Amino acid sequence: MTARPRGTVFEKIWSSHVVTEGPGGHVLLYIDRHLLHEGSTHAWERMARNGSRMRRPDLSFATADHYVLTTPGTPTADAETRKMVESLTRHTTEQGVTFFGVGDDRRGIVHVIGPEQGLTLPGILLVCGDSHTATHGAFGCLAFGVGSTEVEHVMITQTLWQKKPKSLRVTVDGRLGFGVTAKDVILAIIATIGAAGGVGHVIEYAGTVIRAMTMDQRMTVCNMSIEAGARAGMVAPDETTFAYLEGRPFAPKGELWARALAYWKTLPSDLDATFDREVTLDGTEIAPTVTWGTSPQDALPITERVPDPARAADATRRESMERALAYMGLTAGIPLTEITVDRVFIGSCTNSRLDDLRAAAQVVKGKRAVVPAWVVPGSGLIKRAAEAEGLDRVFRDAGFEWREAGCSMCVGMNGETARGGERVASTSNRNFEGRQGQGARTHLVSPAMAAAAAVTGRLTDVRTLRG
Ligand code: SF4
């Protein structure tokens, strides 16, 4: 019997997936799960031209999320976007890959439906041609985004050459205060370590605050690991993880479940495991947080003011702050709560799950949106579950649009964008220039904070609306 690997949860998963070692420190890793969306089109087309077949189509699962319109009741698209979805439908059928397509309630954002279907499991190595694949690490698996060429490599070989990243543990201890959520935690982490703070590392999130989170909340945290530059983010699996997974359609059943559980319990980092770097935050000090600039690291507690570039640590930072403020149309020194918004977007693979919709609905209940506000559930099943709880009625009564599942205005590939100059309070993960539409200005916030902005028309400390 081989001794089980020791070390961090990342090292345990990494070492158990090494097939062989290659030159330059590269190793060939076995891939357990490959998730696909419309973005895989080029890889499919190259394979079709070369007459290549997928090695393990049974380990790949596809969904249509980026290009499908989320217009209520009509998940259709224009000719160009329809072509992308039709291409995915054709290739998955030809190669025998399970596809959650339009009309299937299981369809949704790839990083939402993987966990929802029990495809994302502790200890596995999961890849997807998408930056926010780190989301799945919330289950104690190693999950990272890959490029189009790598997608094709995985399709044909079920393996991938990689160099081993370093490890970084981010510990958040203490307790979150009233109105403070997982989104605020990850924005505070990125503001602390910087948008490049995780480069070359896999982050393990630990501490009492992370342990107390639901799986939906842990996914929010892991989702934004890439915004700190990290290769992946993960949380060691525990009873919360197991309870979420038990009974999911593709999770192991019966004897296989018992065996899987026994293995999963060996995965958490050993007490004497060491990390290349450690960062600690006090969760008690985290406030509802909002971004003011064009990088997720440009985040501050809502009680603060727009920062002054003149006080930047160096000239490079000063210039980037000046550029960000010019793009965002903001003046240094004004309170963040005085910034008015034109539009609110609640959705994306960061914040479109049931916990997120519940948190937003709690703020919205009995109030009216004073700006256009969209709620885009992460999957058809989440939409249905939210409707069973009456959340759709809360949003509709408040004047919100209750839409179909998809990526929507997170990136706007389907044409659902904000207009130039519009200021959006958004629960998504990127606030880069033009991310939500050319000239659109994005403020990243939690679902509760987005809901607060919708009913007041400005960035608002959600704690002042509740209680
Ligand atoms: S919701 Fe946004 S970040 Fe997530 S997969 Fe879709 S486009 Fe990418």
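**From one alanine to the ligand between two domains**

Ala48 is partly exposed: 14 other C-beta atoms lie within 10 Å. A residue needs 20 or more such neighbours to count as buried, and 12 or fewer to count as exposed, so Ala48 falls in between. This is a predicted model. Ala48 sits in helix 2, which covers residues 41–50. Now jump along the chain to Val411. Ala48 and Val411 are 363 residues apart in sequence. Their C-alpha atoms are separated by 28 Å.

Next, take the whole protein. Its domain assignment gives domain 1, residues 10–278, and domain 2, residues 290–461. The centres of the two domains, taken over C-alpha atoms, are 24 Å apart. How many residues of each domain are in contact with the other? The count is 41 residues from domain 1 and 40 from domain 2. On the domain 1 side, three helices each supply at least two of the touching residues. They are helix 4 (110–116), helix 6 (182–193) and helix 8 (215–223). By class, that side of domain 1 has 15 nonpolar, 15 polar and 11 charged residues.

Now find the ligand. It is surrounded by 14 residues. The closest are Ser348, Cys349, Cys407, Cys410 and Val411. So Val411, the far partner of Ala48 in the distance above, is also one of the closest residues to the ligand. The shell is made of 6 nonpolar, 6 polar and 2 charged residues. Where does the ligand lie relative to the domains? Domain 1 and domain 2 both give residues to the shell, so the ligand lies between them.

Finish with one helix. Helix 11 runs from residue 315 to residue 328 and has 14 residues. From first C-alpha to last it reaches 20 Å, close to the 20 Å expected at 1.5 Å a residue. Four of its residues, Met321, Ala324, Leu325 and Met328, are buried. Seen down the helix axis, the buried residues fall within an arc of 95°, so they line one face of helix 11. The spacing follows a rule. An α-helix has 3.6 residues a turn, so residues three or four places apart point the same way.

What covers this buried side? Strand 19 (441–444) is included in the cover over the buried residues of helix 11. The face turned away carries the exposed residues Ala315, Thr316, Glu319 and Ala326. Just after the helix comes Gly329, which takes a positive phi of about 65°.

Note on methods: Residues are numbered from 1 along each chain as its sequence is written. This is a predicted model: local features need pLDDT of at least 70, side-chain atom pairs count only at pLDDT 80 or more; totals for chains, interfaces and linings use all residues. A residue is near a molecule or strand if its C-beta atom, placed from the backbone, lies within 6 Å of it. Ala, Val, Leu, Ile, Met, Phe, Trp, Tyr, Cys and Pro count as nonpolar, Asp, Glu, Lys and Arg as charged, and the others, Gly among them, as polar. Domain bounds come from an automatic or database domain assignment. The expected span of a helix is 1.5 Å times one less than its number of residues. The arc is that of the directions from the helix axis to the C-beta atoms. Two residues are in contact if their C-beta atoms, placed from the backbone, lie within 7 Å.
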